[in-house]
Amino acid sequence: MRHVTEWRTIIEPFRIHSVEPIRMTTLSERASLLEDVGFNLFSLRAQDVLIDLLTDSGTGAMSSEQWAGVQRGDESYAGSPSWFRFRDAVQDLFAFEHVIPTHQGRAAEKILFSVIAGPGKVVPNNTHFDTTRANVEATGAIALDIPIAEARVPSDRHPFKGNMDLDALERTLQDSDVPCVFVTVTNNSGGGQPVSLENLRAVKAICESHGIPLFLDACRFAENAWFIREREPGQENRDVRDIVKDMASLADGMTMSAKKDGLANIGGWLALDDDAIAEQCRTLLILTEGFPTYGGLSGRDLEAVAQGLKEVVEHDYLRYRVLSTAYLGDALTRAGVPVVQPIGGHAVYLDARALLPHIEPLQYPGQALAVALYREGGIRGCEIGTVMFGRQPDGSELPGPMDLVRLAIPRRTYTQSHVDYVVEVVTAVAAKADELRGLKIVEEPPSLRHFTAKFAPL
Ligand SMILES: *Cc1c(COP(=O)(O)O)cnc(C)c1O
């Protein structure tokens, strides 16, 4: 008998335990809904979406053991047993002294940067996630992206396109007032690309030589560790838990959204070794989130995360997770649709700038493609490009580094036939790419405009 991993067909390493119906919609219904929401897919009602690939954040299915944990949740205000299970599950993988629970990742960012950032400071990152950038900038500091050059070339197949540019880091640490260096694993905004252990070690060495702490934005730590196991020389056949511990041992702290590799629907934390900074962070936590043994979470949420952290590092899960994302990306590549290579862990990124060369970046090719996928097939993706990153702090506008549409895959949620449908719709839209038109923004807020801006077709 062959081991299951030697067969060609990938199978989901679970069976379905409870189901949620999908409401079917028609093309004309979707066209009029798009008008109603000003062509902003964040403003759609979820029941009007057939396949929701807007985000992999908090949208996954929990396991029967996680639901059992929900039932076990203890809602004591202070010192709940659910807190200790959560803290121990975190420290089992990330051995930081202080674990500070928050309702999601951005709350951890807000608290940390309020304490350590501020005007005149610079926070380097391989690529800041949108809320991370906004939280750095909200303190008056500069959020600097320094990925390796290959990260900006969608067709480049570098195995670790999440890596940080070490020369740029060295220069930044020499020239600027840097409170900490961040590395995002995997690099979400840069295409869901992993960071190698070798790069992390080199980043750590540079940080150490300047006496500056290194933090991980660890939202997809398990997917990153799986890629290290698959791609980095000398790491094959290792237990992913040990790779995660190696990653953690290079850092002085982390921020985390448990809505990603916590396999939960809500949750997050800030963890760090520095006693004085932790003390200031806990004080802020009490102001805005809650008492330090629950943060912004209920006891049942803490339980779901604690169990999720055990499941997310299982090899059968990670093999399925990464292979099933690649299944979508490889099928689109074979159909001639330009996608960011290699395929990342949690999402497939369509290269809208390459597919729609007739639409200028400032006419938002990514948004145009995302809107077309919804109109044609009820699929909701997310623009990651000029809408998300084009607006400068001074209010002016520049093209984003790339114009992508992210098709994020919720964890353990859709089956292979759902994905086959996505392949069919995206391929059909790509076949008539020259008919798509750009958009203009008719209304926008001062920051994080992609969530609420309204558009009109050109
Ligand atoms: C989702 C995410 C965050 C923010 O976490 P939330 O739980 O959504 O607040 C930060 N960084 C990265 C890389 C993320 O993917």
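This passage walks through a predicted model, from the surroundings of its ligand to its salt bridges, one of its helices and some unusual spots in its backbone.

A good place to begin is the ligand. A shell of 15 residues surrounds the ligand, and the closest of them are Arg106, Asp217, Arg220, Ser257 and Lys260. Sorted by character, the shell holds two nonpolar, seven polar and six charged residues. Several contacts can be described atom by atom. Serine 257 places a polar side-chain atom 2.6 Å from an oxygen atom of the ligand. Aspartate 217 also uses a polar side-chain atom, which lies 2.7 Å from a nitrogen atom of the ligand. Glycine 105 takes part through its backbone, with an N or O atom 2.9 Å from a ligand oxygen. How much of the ligand does the protein bury? Taken alone, the ligand exposes 380 Å², and 98% of that is buried by the protein. Two elements, α4 (105-116) and α5 (130-138), each give two or more residues to the shell. The largest share belongs to α4, which supplies three residues.

Charged residues also meet elsewhere in the structure. Side chains of opposite charge can pair when their charged atoms come close. The model holds 25 salt bridges, and three of them are followed here in turn.

In one pair, glutamate 303 and arginine 72 form a salt bridge whose closest N and O atoms are 3.5 Å apart. Glutamate 303 belongs to helix α11 (residues 299-311) and arginine 72 to helix α2 (residues 64-72), so this bridge ties together parts of the chain that are 231 residues apart in sequence. The two partners can also be described by their accessibility. Glutamate 303 counts as buried because its relative accessibility is 2%, under the 20% cut-off. Arginine 72, at 43% relative accessibility, counts as partly exposed.

A second pair joins arginine 321 to glutamate 223, with the closest N and O atoms 2.9 Å apart. Here helix α12 (residues 315-334) contributes the arginine and helix α8 (residues 221-231) the glutamate, so parts that are 98 residues apart in sequence are tied together. Both arginine 321 and glutamate 223 are buried. These two residues also belong to a network of salt bridges that links Asp56, Arg220, Glu223, Asp261, Arg321 and Arg411. Arg220 will be familiar, as it is also listed among the closest residues to the ligand.

The third pair consists of arginine 353 and aspartate 403, with closest N and O atoms 2.8 Å apart. Arginine 353 sits in helix α13 (residues 352-355), while aspartate 403 is found in the loop between α15 (386-389) and β12 (404-408); the pair thus links distant parts of the chain, 50 residues apart. Arginine 353 is partly exposed, with a relative accessible area of 29%, whereas aspartate 403 is buried, with a value of 0%.

A helix can turn one face inward and another outward, and α1 offers an example. Which residues of helix α1 (residues 27-36) are buried? They are Arg30, Leu33 and Leu34. Their directions cover an arc of only 105° around the axis, which means that they lie on the same side of α1. The face turned away from this buried side carries the exposed residues Ser28, Glu35 and Asp36.

Loops bring details of their own. Serine 80 is placed in the loop between α2 and α3 (81-93), and at 2% relative accessibility it counts as buried. The side chain of serine 80 reaches the backbone oxygen of aspartate 74 at 2.9 Å.

The backbone itself deserves a closer look. The peptide bond from valine 185 to threonine 186 is cis, with omega near -20°, and threonine 186 lies in the loop between β5 (181-184) and α7 (197-210). Another cis peptide bond leads from glutamine 341 to proline 342, again with omega near -20°; proline 342 is in the loop between α12 and β9 (347-351).

Positive phi values are found in two residues that are not glycine. Asparagine 237, in the loop between α8 and α9 (240-249), has a phi of about 70°. At 69% relative accessibility, asparagine 237 counts as exposed. Leucine 263 has phi near 55° and lies in the loop between β7 (253-257) and β8 (268-272). Leucine 263 is buried, with a relative accessible area of 6%.

Note on methods: Residues are numbered from 1 along each chain as its sequence is written. This is a predicted model: local features need pLDDT of at least 70, side-chain atom pairs count only at pLDDT 80 or more; totals for chains, interfaces and linings use all residues. Side-chain values use heavy atoms; hydrogens and water are left out. A residue is near a molecule or strand if one of its heavy atoms lies within 4 Å of it. A polar contact is a pair of N or O atoms within 3.5 Å; within protein, one must be able to donate a hydrogen and the other to accept it, and residues adjacent in sequence count only if both atoms are side-chain atoms. Accessible areas come from the Shrake-Rupley method with a 1.4 Å probe; for residues, only the protein chains shown count as cover. Helices (H or I, at least four residues) and strands (E, at least two) are DSSP runs, numbered from the N terminus. Ala, Val, Leu, Ile, Met, Phe, Trp, Tyr, Cys and Pro count as nonpolar, Asp, Glu, Lys and Arg as charged, and the others, Gly among them, as polar. A salt bridge is a side-chain nitrogen of Lys or Arg within 4 Å of a carboxyl oxygen of Asp or Glu. Buried means under 20% relative accessible area, exposed over 50%, partly exposed in between (1.4 Å probe, protein chains only). The arc is that of the directions from the helix axis to the C-beta atoms.
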